[in-house]
Amino acid sequence: MKHKIMCIVGARPNFTKIAPIMRAIKDTSNNLEGFLVHTGQHYDEAMKHSFFEQLGIPEPNVDLEVGSGSHAVQTAEVMKRFEPILDQEKPAAVLVVGDVNSTIACALVAAKKHVPVIHVEAGLRSYDRDMPEEINRVLTDQISDLLFTTEKSAHDNLAREGVDTDRAVFVGNVMIDTLFNNVEKAVPMAETLKSSEVELDYKESGFGLITMHRPSNVDDKEVLSLLIKSLAKISNKLPLIFPVHPRTKGQLEKFDLLDEIQKSNITLLPPLGYLHLLDFMKNAKVVLTDSGGIQEETTALGVPCITLRENTERPITVAEGTNTIVGADPEKIEQAFNEVMTTGGKGGKIPEFWDGHAAERIVEYLDTWVKN
Ligand code: UD1
């Protein structure tokens with residue numbers, strides 16, 4: 001009989017991480033069987049369905065359909081709905097990825113039921129507990145039985161928190177597996193722009209890409225206004241394309257900032273599917289973002305990245321990759337932008353084990369691990 005690995009996804013960045021793991025379980029293991037639970041944290045067409053389709057993720061075996069809510073409501077709802085599934089399916093282990101609310105919710109239910117928890121992308125720390133994800137990371141790692149890491153700094157972070165690092169295995173980055181598997185399949189930008197009925201003449205000057213959705217950037221009127229002002233100024237030098245996350249869209253409307261964007265050279269798009277965003281990212285002169293995953297993807301693609309946060313939990317993207325951290329300070333943003341425009345940005349190299357084979361290493365390890 002095969003050992004059932006219950007894999008959890010909830011929000012957009014989880015989909016890109018689970019795709020290669022589900023595939024590797026199916027293609028490379030005779031011993032393991034994947035069982036996919038989608039918590040329903042993200043549910044819109046643009047936030048969920050296009051990812052499943054584009055990344056070839058199998059239909060989830062179960063969809064908990066929790067939807068949006070406060071952190072407490074969302075986390076509690078996942079836990080409540082996940083428990084009976086766990087009881088019924090009796091998996092050999094529960095595998096969670098990343099740092100979203102669904103990650104900690106399912107890990108907590110499993111740990112209390114003595115079902116082994118596997119955390120993929122363990123040990124990353126921003127050391128900023130204002131970030132809800134940081135709390136999810138710290139707690140998930142504490143209750144995980146097996147921790148797979150993307151960079152070696154994660155092992156020091158785990159050791160500092162008293163986690164037994166014998167349980168941590170450096171395997172590389174599954175998100176980059178997905179990137180390398182799909183980079184040739186990216187949907188051409190021109191097609192996306194056409195279907196969004198957006199006209200943009202980017203060929204001569206090139207363009208920059210913005211993604212922004214962190215509560216610290218978009219939930220405070222003053223911070224978001226300053227950021228938009230600063231991005232609008234930059235857009236006079238380089239046209240900017242901005243696919244807008246639903247949270248950000250709501251805040252731009254609430255704070256009356258759409259007018260200012262309209263007057264600038266920033267072009268808004270709806271949230272994009274994975275293969276759609278990929279072509280913009282590949283071709284951008286620079287990416288301005290507060291996303292964790294995009295800091296890594298730009299490093300792997302060799303595209304300069306300006307991170308609109310005060311810190312990063314992915315320090316290797318700064319030390320070895322193309323990432324520069326600037327926060328939300330307009331002066332620093334402009335300075336970093338000018339630097340990219342004059343020098344072409346940091347060169348960087350692709351970090352160790354970000355080679356497209358991390359999921360295979362995970363499954364190879366699990367094959368032996370489950371037997372014990
Ligand atoms: C979540 C993750 C964050 C991740 C991000 C990627 C947590 C704590 N945060 O943040 O780490 O970087 O996903 O997108 O888990 N909404 C929709 N449609 C959807 C989903 C959300 O309209 O399909 C709107 C709702 O108004 C919702 C808001 O977006 O209230 C925020 O969604 P939520 O899942 O709570 O957090 P994210 O900001 O997406």
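These legends describe close-up views of a predicted model. Local features need pLDDT of at least 70, side-chain atom pairs count only at pLDDT 80 or more, and totals for chains, interfaces and linings use all residues. Residues are numbered from 1 along each chain as its sequence is written, and side-chain values use heavy atoms, with hydrogens and water left out.

**View 1. The open sheet of seven strands.** The strand order is 3-2-1-4-5-6-7, with parallel pairing. Strands (E, at least two residues) and helices (H or I, at least four) are DSSP runs numbered from the N terminus; two strands pair if DSSP finds at least two bridges between them. Strand 3 (62-63) and strand 7 (168-170) are the edge strands, each pairing on one side only.

**View 2. Strands 2 and 3.** Strand 2 (residues 32-38) runs parallel to strand 3 and is joined to it by two bridges. His38 has Asp63 in strand 3 as its bridge partner.

**View 3. Helix 17 on the sheet.** Helix 17 (residues 358-369) touches strand 2, strand 4 (93-97), strand 5 (117-120), strand 6 (146-149) and strand 7, contact meaning heavy atoms within 4.5 Å. The directions of helix 17 and strand 6 make about 165° (N-to-C, from 0 to 180 degrees, along lines fitted to C-alpha atoms, for helices over the stretch in contact).

**View 4. Lining of the largest cavity.** A cavity is a set of points on a 1 Å grid over the protein atoms alone where a 1.4 Å probe fits but cannot get out; lining residues have an atom within 4 Å of a point. Among the lining residues are Val120, Glu121, Phe148, Asn173 and Ile362. Strand 6 and helix 7 (174-182) each supply at least two residues of this lining.

Technical notes: On a 1 Å grid over the protein atoms alone, a cavity is a set of points where a 1.4 Å probe fits but cannot get out, and a pocket is an open set with protein on both sides within 12 Å along at least five of seven lines; lining residues have an atom within 4 Å of a point.
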